[in-house]
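I opened the notebook to record what I looked up, one topic at a time.

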Amino acid sequence: MGIGKSITNKINQTLKRSRNSSRSSVIIVAVVLVVLMFYLALSSEVFLSYGNLFNLFRSTSIYGVIAIGMTFVILTGGIDLSVGSVVGLTSILTTMMIKNGMPLFLSIVIAMAAAVTVGILNGIIIHFGKVPPFIATLGSMTVVRGMIKLISDAKMITGLPKEFSDFALKASLGLPNLFWIWLLVILVSWFILTRTIYGRNVYAIGSNEESARLSGISISRNIVYVYATSAFLSGLAGIMLASRLASGIPTAGSGYELDAIAATVVGGTALTGAKGGVLGTFLGSILLATIRNGGVLLGINPFILEVIIGLLIVVAVIAQRGSK
Amino acid sequence: MVKEKELLRVEDLHKSFPGVKALKGINFQVLSGEVHALVGENGAGKSTFIKCVMGVYKKDARSGGIFVENKEVDIHNPDQAMKLGLGAVYQDVMMARHLTVAENFFLGKLPHKAGIIDWRSAKKNTDKVLKELEIDVDSSSILGDLSIAKQEMVAIAKMYSNNCKVAIFDEPTALLSTEETDILFSLIRRLRDKGMGIIYISHRLEEIFELTDRITVFKDGTYVDTVRTEEVDEDRIIELMVGRSVEDMYGLNKPSRGETVLEVRNLSKKDVFEDISFDVRKGEIFGMFGLVGSGRSDIVSSIFGAEKPDSGTVLLNGSEINCKHPGDGISRGIGFLTEDRKHTGLFMELSCRDNTNALSYRKMSRFGVISRKKEAQNADAFRDKLRIKTPSMGQLTKNLSGGNQQKVVLSKWLSNDSDLLIIDEPTVGVDVGAKVEIYKLLESLLHQGKSILMISSYLPEVMGLADRILVVSEGRQMGIVEKNAYSLGNFDDEQKFIKLASGIV
């Protein structure tokens, strides 16, 4: 396990420099991931093949991007259940507009604006309406999904220009384009959370909202920012998904909120807020995807796999509490 | 008097955590019918000791034994400790705030008939215990609606009803007013007279001399001495605790008072306070004294912008200010150290560095991007200046002792270079050593030309430190007393303040 150890050391060093991520949780996830990858590499010839890893990273990227937004929300002690519906929203809006001859770029901008609007409204309802985040976003999740079906008449949108669908299929420098987007999102988010005032405010609010208020931090503005960030990234994921499926699907993104929450929590971000960060979420996303992928490769009964993933989420949280 | 019987004896107790020896050979004994004080600076090992006795921590193998009524016992968890007759009331009462008093009393063992809860008997039994201890609480009220003091008394009564023999009180008066403290003390005396042994932990030496029969002193995890309270004085105890004698703690060398910095005119808020007028001058400590619930914290919150007053004016350096939210107060150079650092001051899950810098990011950033170098510089500077005891400023704040946490909050406000510092109960839950350091810090702030508005419900502190004291009672201004009108330690003067604060003119 010499390599495994040196990798852990390396991760450890990197994390020492990133201040707010809870180091021990991230190390646990990293170690589990490395061990699992070793095991899969030894027991399946396909696992380490370029084709398999390419697919693995490409499919993880979409919910990975959502999970990053979810991390912002959870760090403030909130939750965003509307992300899956926002994925559906931008996927339908973008494809409809392209189909109707609107330029690609403009379609994306308008769809993203709609997504961010949903996020801003979430934030306003939560902060000014004093509605618990769980309820507020459960509501917007349902409302948005209904609106998607109204707009699209619950029909799939296909026959998109090749340039749109090719983006998700293709790679740059050997890595899937979608994965590059995810990496960029992670990098920017990591920078925002650890190095900017906005990021520091996210942690402060998650740690103690009243202390934050009395320290002059605007709670309303930051809560709105956080839900807007989450919706922005979900919207981005929706466009990535539409490109990958080469179509707009009214039910696209259903259930993604749970995958995103699972990845965030497995990655060590505490639901109570202020503890965790995007590096953990990155590893958590990869870990969950690797388990699914490995299960398929090893021919494990998919139902059993589901049971394993469910247990893993719970065990991960218990392990992190123990390591405190 | 009943013959004193030994209830609890601890011999040569050791407790190590990875890298730290928290307790190094502690001896301790409690007799029936005595109140036994446990004192020591923060970090002396009091809490660790209590947790070992209560079975929260496992003692080291090489320790001597713990004996309950002369029988050696092995305590693995708090439940077992309770069954042996050991009970503890912690600083923040841990009960179900949304349930009734009676429900809390019987939590987990509600009386029932065939699975249906017998509310009548639960209520009856609760009332009986409350009456026996002369506690004025209705068993059907919701616990969270009661004052902290009453909640604490309910916790004590519950402990008593569980046949507790030794009761441990850890800083029970930290959040109580003077009045409530008196009521608590008479309750503790009643328990003592019923033959219980009381272990009493407090930073307030006055309380210890008022209440206890013997005092045991810990220092740095070791046992120093046990003395009879009547045979020693405060100075001697402080000497035992810190290993050096503390000269007059409150004797600050203050600069002469300068021009008026803050003027408050007829500030009112319906049903909270009315018609408050005073001014604070440069280089002075302006004291505000009142009982808990007198509106004193609301008054200063309104000046700072954390609450909205209905009418009145506030002038800072001669020009009117109207702070609508805390950010307004902060940007005008007002600092507000709240009374409850855990819930309204600190970010416990964040590092000391993040806490220290929380107000100053704008100064140390460009385009919203924070300079790590400046962050670290500022935090380290305050660690050195305030002598914050922590291995690194990257340490999570919740791992620090009360005194050091208070220094972190102070660092936060001092980082912002506030000209007017409002400090609400600056030394609650802070040990003597850190207290002296905080007082010295206030002194140096005055010399830097800053002004301090200090609220304290601890009379010796406010009498010793303040130049003038505004007394409030139920939101009404009872008067401003000048320093030359009273002297510290004078019993009659103290009585005068308490009468004023109680609304008796």
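**Domains of chain B.** I began with two domain centres in this predicted model. Over C-alpha atoms, the centres of domain 2 of chain B and domain 3 of chain B are 26 Å apart. I then looked up the contact between them: domain 2 of chain B puts in nine residues and domain 3 of chain B puts in six. Which helix gives the most to the domain 2 side? I found helix H15 of chain B, residues 432–447, with four residues. I sorted that side of domain 2 by class and got six nonpolar residues, one polar and two charged.

I noted the domain bounds as well. Domain 1 of chain B covers 6–242. Domain 2 is written in two segments, 248–333 and 418–505. Domain 3 covers 346–408.

**Chain B as a whole.** I counted 17 helices and 24 strands in chain B. The radius of gyration of chain B is 24 Å, and the globule rule gives 23 Å for 505 residues, so chain B is as compact as a globular protein of that length. I checked the extents too: the C-alpha trace spans about 70 × 50 × 50 Å along its principal axes. Buried residues account for 45% of the 505 residues in chain B. I also looked up sequence separation. Of the contacts in chain B between residues at least 6 apart in sequence, 69% join residues at least 24 apart.

**Where chain A meets chain B.** I turned to the interface next. Here 19 residues of chain A are in contact with 25 residues of chain B. On the chain A side, H9 and H10 each supply at least two residues. H9(A) gives the most, with six residues. By class, I listed six nonpolar, seven polar and six charged residues on the chain A side.

**Helix H9 of chain A.** I followed up on this helix, residues 197–207. Is H9(A) largely enclosed or open, and why? Nine of its 11 residues are buried, so H9(A) is largely enclosed by the rest of the structure. I wrote down the buried ones: A:Gly199, A:Arg200, A:Asn201, A:Val202, A:Tyr203, A:Ala204, A:Ile205, A:Gly206 and A:Ser207.

What do these buried residues pack against? Within chain A, I found helix H3 (50–75), helix H8 (177–195), helix H10 (209–214) and helix H11 (219–245). From chain B, I added helix H12 (352–357) and strand E20 (369–370). My last note on H9(A) is that its buried residues pack against elements of chain A together with elements of chain B.

Terms used:
Residues are numbered from 1 along each chain as its sequence is written. Chains are lettered from A and ligands numbered from 1 in the order in which they are written. This is a predicted model: local features need pLDDT of at least 70, side-chain atom pairs count only at pLDDT 80 or more; totals for chains, interfaces and linings use all residues. A residue is buried if 20 or more other C-beta atoms lie within 10 Å of its own, exposed if 12 or fewer, and partly exposed in between; C-beta atoms are placed from the backbone. Two residues are in contact if their C-beta atoms, placed from the backbone, lie within 7 Å. The radius of gyration is taken over C-alpha atoms; the globule rule is 2.2 Å times the number of residues to the power 0.38. Domain bounds come from an automatic or database domain assignment. Ala, Val, Leu, Ile, Met, Phe, Trp, Tyr, Cys and Pro count as nonpolar, Asp, Glu, Lys and Arg as charged, and the others, Gly among them, as polar.
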